[in-house]
Amino acid sequence: MSTTATEGTTARKWLLSYPTLMLGVFFVGPFGIMLAVSFFQRVESAFYKPAFVFSNYARLFSSLFLDNLAFSLYLGMLVAVISVSVAFPFTYLLSRMRMRTQTIWLVFLLSVLSLSEVIIAFSWSILLSRTAGVSNLLVWLGLMDHPVGLAPGFTAEVLGYCYLTLPYTVLMLYPSMSRLDPELTEAARTLGASPQRAFFNVVIPAMRQPIVASLILVFVFTLGVYLIPQILGNPEHWTLSVLITDQAVYQSNVPFAAALAVFLLLTSLALILLTFVLGARERIHTAS
Amino acid sequence: MTRTVRNLYFAAVAVFLASPIVVVLGVSLNAKKRLFFPPDGVSLRWYADMLTDAAWRGPIENSLIIATVAGLVATSIALPLAYVLWRHRLLYAKILYGLGIAPFMLPPVITAVGFMVFWAALGHYGQFENVVIAHGIFLVTLPLMTISLGLEALDREMLEAARTMGADEKTTFLTVVLPLVRPYIISGYAFTFVLSMNEYIIAYMVAGFTVETLPIKIFNALRYGYSPVMAAVAVMFVMIAILVFGLIGRFGNLPRLLGRWEPMDR
């Protein structure tokens, strides 16, 4: 018995050594170095030199950063609210369809979700362009006088973001929606509630926690979008991810970029942990 | 009445999600180089250009190699980790699992900056393998989640039976566990492959100036104006995604893979 136990332990150690090595070197390594560099001193015409200064973090209070942050937060919240409002009824209806239909929709949603941002932005820039865009179709149908170009612009940027986040939101809501007890709505119907009333008075309250969680996670997801603002938006509509990359690659200010990335990391982590806390609290409530 | 509303709603979502793809498809088949509505003649010449022009072939090959190997890196980390976590429920394995899930949930620009300073500190900036490793680590979440799902669906009594019949852990793993979770391993690999093909910012920041992947090539080409070859490449991307996910949907249980709970799971 004791020999098999030791054998098992050795096997486990051996099995975990490779994942430990890979994640230790290539995950902890980069994040650790990034944290260190965020305290380094920038050197003009070179990369940086080791130091322990807070000046990179002090720049988080500059208007360059704060204006950008305010816009990123506003855009993220707007897109999260739009996506969840559209995706919620959609996912509810989808999770009650035939399995085959569900699978086809899931293939479609996954395909859209996996598309590179550059392809999405490029496609939308054509769709919203004056020469080949959708407005030509409206002119042809007689609904508009002359074709208009919307890209680049704020509307185009929001549309591009929603295109990216809508499938993501559906896939976030899908697990909890498919677990929602069908008896819940059936009971409401038996008691005489219309389908709409059952949806608003039973489904939405029961799904309160997944709704809040997906609002937060979609918001975090928007913080990572990088190419859509550059292709579909104007420079005043650029976001935090664009600023970080710009500082790291074009301004060669790697310490400041690292400080910004650490800020983004802590903010995102805090928000993600919040969804876990909300989830745990909800479970306790339901259990008691 | 409700049915009609539902169908209209689904149609609207479908149109929203499909219209950019339809427009790009139209543009890619347009015979003229100038982008104009309505299209003028049908031709496959942009697809031929994509495959013969070295400026596009290089990035296509880069992306295919990176995605193929990054998928292997991610799956090779995920399989032993998910297995030990499921089999032995070690706290240490749980922590490693958390590390594996974390980067994917965070905005990718963070991982991008991390890998950039990492390779720069090692004096190894701009190399091909940087992208492979960065993608493998960033996307390890996907096989980790699919394989864990597959293992959770296994009946632990089967393991007990195998052990009673004298099989050691290795034999049990190879003859019982592995064949049953294989579809989940393949799905995890396929997810990683598709997402690696489409990933931009991490590839750009660890080696963007020396290794041109397909998304980087498209973005670079966009700066110099529009070319119909881009539309052909975009269509190819859509096709790959639909093909891969379609196969998973056809031969696997996609709803379950995406978290649908079924009563028989208990």
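The exercises below, each with a worked solution, deal with a predicted model.

**Exercise 1.** Find which residues of chain A are listed as "transmembrane region" in UniProt, and describe the helix content of residues 20-40 and 256-278 of chain A.

*Solution.* Begin with the record: the unreviewed UniProt entry lists residues 20-40, 72-94, 106-128, 148-174, 211-232 and 256-278 of chain A under this feature. Next, turn to the model, where residues 20-40 of chain A are 86% helix and 0% strand, with end C-alpha atoms 28 Å apart. Finally, residues 256-278 of chain A are 100% helix and 0% strand, and their end C-alpha atoms lie 33 Å apart.

**Exercise 2.** Determine how helix H9 of chain B and helix H12 of chain B are oriented, and what kinds of residues make their contact.

*Solution.* As a starting point, two packed helices are described by the angle between their axes and the distance between the axes. For H9 (residues 169-198) and H12 (residues 228-251) of chain B, the axes come within 10 Å and cross at roughly 170°. Because angles over 145 degrees count as roughly antiparallel, H9(B) is roughly antiparallel to H12(B). The contact is made by residues including B:Phe191 and B:Val194 of H9(B), and by residues including B:Ala241 and B:Phe245 of H12(B). Sorting the residues of this contact by kind gives eleven nonpolar, two polar and no charged.

**Exercise 3.** Work out what surrounds B:Phe245, leaving aside its neighbours within four places in sequence.

*Solution.* First, place the residue in its setting: B:Phe245 is among those with the most contacts inside the largest nonpolar core, which has 179 residues. Then list its contacts beyond the sequence neighbours, which are A:Val107, A:Leu110, A:Ser111 and A:Ser114 from chain A, together with B:Phe191, B:Val194 and B:Leu254 from chain B.

**Exercise 4.** Decide whether B:Leu17 and B:Thr172 are buried or exposed, and name the residues that each one contacts.

*Solution.* Take B:Leu17 first, which lies in helix H1 (residues 2-29) of chain B. Its relative accessibility is 0%, and because buried means under 20%, B:Leu17 counts as buried. Apart from neighbours within four places in sequence, B:Leu17 is in contact with A:Phe108, A:Leu109, A:Val112, A:Tyr163, A:Leu166 and A:Pro167. Now take B:Thr172, whose place is in helix H9 of chain B. With 8% relative accessibility, B:Thr172 also counts as buried, and, with the neighbours within four places in sequence again left aside, B:Thr172 is in contact with B:Leu159, B:Ala162, B:Ala167 and B:Val177.

Note on methods:
Residues are numbered from 1 along each chain as its sequence is written. Chains are lettered from A and ligands numbered from 1 in the order in which they are written. This is a predicted model: local features need pLDDT of at least 70, side-chain atom pairs count only at pLDDT 80 or more; totals for chains, interfaces and linings use all residues. Side-chain values use heavy atoms; hydrogens and water are left out. UniProt positions are given in the numbering used here, feature names are shortened, and annotations may be inferred rather than shown by experiment. Helices (H or I, at least four residues) and strands (E, at least two) are DSSP runs, numbered from the N terminus. Axes are lines fitted to C-alpha atoms, for helices over the stretch in contact, and angles run from 0 to 180 degrees between N-to-C directions. Angles under 35 degrees count as roughly parallel, over 145 as roughly antiparallel, 65 to 115 as roughly perpendicular and the rest as oblique. Contact means heavy atoms within 4.5 Å. Ala, Val, Leu, Ile, Met, Phe, Trp, Tyr, Cys and Pro count as nonpolar, Asp, Glu, Lys and Arg as charged, and the others, Gly among them, as polar. A nonpolar core is a set of buried Ala, Val, Leu, Ile, Met, Phe, Trp, Tyr and Cys residues joined through side-chain atoms within 4.5 Å. Buried means under 20% relative accessible area, exposed over 50%, partly exposed in between (1.4 Å probe, protein chains only).
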